[in-house]
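Me: I am a first-year student, and I would like a close look at a single part of this protein. Please take me through it slowly and connect each step to the next.

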Amino acid sequence: MSTILYPGTFDPVTNGHMDLIVRGRRLFDRVVVGVAAAHHKSGVFFSAEERRAMLEESVRGMDGVEVLSFDGLLVDFARSVGAKAILRGLRAMSDYEFETQMAFMNRRLDEEMEIFFLPADERYTFVNSSLIKEIARLGGDVSSFVPAPVLGRLRKSFGGSRS
Ligand code: ADP
């Protein structure tokens with residue numbers, strides 16, 4: 001059985017992330033979505049537990065998709081779930097620079113680990129978690145950018161009947 005790990009902060013999960021999970025699952029028997037603790041990352045709004053719960057609700061019923069939290073070195077976690085590869089998405093050149101730097105480093109740490117890049121679907125190239133939170137905070141409609149379980153949490157956190 002082939003497994004790919006899709007790691008991220010998912011603060012919160014968006015339809016762009018969901019698209020990558022679906023496409024990853026078409027290529028691999030099992031997709032493990034890894035929710036990073038992200039202690040060091042500034043601007044993270046939802047707790048690791050909330051981010052994991054939103055993902056879990058969003059992938060419910062998707063065969064071969066699991067959601068797990070992790071803390072620590074990415075390649076160690078990838079190995080521990082039996083993943084042969086790590087999945088990352090590329091939206092723009094700005095992603096490319098950071099993502100290739102990470103990929104080179106992770107390959108140094110474990111030279112058998114492959115890094116898979118999938119280009120974002122053109123419908124979601126501009127969708128990112130920070131923008132979603134900002135729009136929700138200002139009372140804008142984000143319903144076409146996030147899965148339904150996230151919409152509920154955003155409403156609870158930021159209020160507003162228009163979102
Ligand atoms: P991280 O903090 O690890 O970058 P993110 O949750 O921001 O966590 O992103 C996780 C992965 O998903 C990254 O590889 C990112 O490029 C990718 N990604 C984020 N948004 C999208 C999107 N709209 N379409 C495709 N890939 C995306």
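Which element supplies the largest share of the lining of the largest cavity, and how many residues come from it?

Reply: The element is helix 4, which gives 4 residues to the lining of the largest cavity, the largest share; please keep in mind throughout that this is a predicted model.

Let us begin with the helix itself. Helix 4 runs over 93-109, and its 17 residues reach 24 Å from the first C-alpha to the last, close to the 24 Å expected at 1.5 Å a residue.

The next step is to ask which of its residues are hidden. Asp95, Glu99, Thr100, Ala103 and Asn106 are the buried residues of helix 4, and because they cover an arc of only 130 degrees around the axis, they lie on the same side of the helix. A general rule helps in reading such a pattern: an α-helix has 3.6 residues a turn, so residues three or four places apart point the same way. On the other side of helix 4, the exposed residues are Ser94, Glu97, Gln101, Phe104, Met105 and Arg108.

What, then, covers the buried residues? The covering includes helix 3 (74-80), strand 4 and strand 5 (114-119).

From here we can turn to the cavity. The count comes to 1 cavity of 30 Å³ or more, and the largest cavity holds about 40 Å³ of space. Its lining is made of Leu74, Ile86, Arg88, Glu99, Met102, Ala103, Asn106 and Ile115, and among these Glu99, Ala103 and Asn106 are also listed as buried residues of helix 4. Strand 4 (85-90), like helix 4, supplies at least two residues of this lining. Sorted by class, the lining has 5 nonpolar, 1 polar and 2 charged residues.

Helix 4 also takes part in the largest pocket, whose volume is about 1,100 Å³. This pocket is lined by 44 residues, of which Gly8, Thr9, Lys41, Arg88 and Phe98 are the closest to its centre. Arg88 is therefore a residue to find in both places, since the lining of the largest cavity includes Arg88 too. Strand 1 (3-8), helix 1 (15-27), strand 4, helix 4 and helix 5 (129-137) each supply at least two residues of the pocket lining, and the largest share, 7 residues, comes from helix 4. By class, the lining of the largest pocket has 19 nonpolar, 15 polar and 10 charged residues.

To bring the two together, helix 4 gives the largest share of the lining both in the largest cavity and in the largest pocket.

Methods: Residues numbered from 1 in each chain as written. Predicted model: local features only at pLDDT ≥ 70, side-chain atom pairs only at ≥ 80, totals over all residues. Heavy atoms only, no water. 1 Å grid on protein atoms, 1.4 Å probe; cavity = no way out; pocket = protein on both sides within 12 Å on 5 of 7 lines; lining within 4 Å. Points joined across faces, edges and corners; volume = space filled by probe spheres on them. Nonpolar A, V, L, I, M, F, W, Y, C, P; charged D, E, K, R; others polar. Expected span 1.5 Å × (residues − 1). Buried < 20%, exposed > 50% of the residue type's maximum accessible area, 1.4 Å probe, protein only. Arc of directions from axis to C-beta. Contact = heavy atoms within 4.5 Å.
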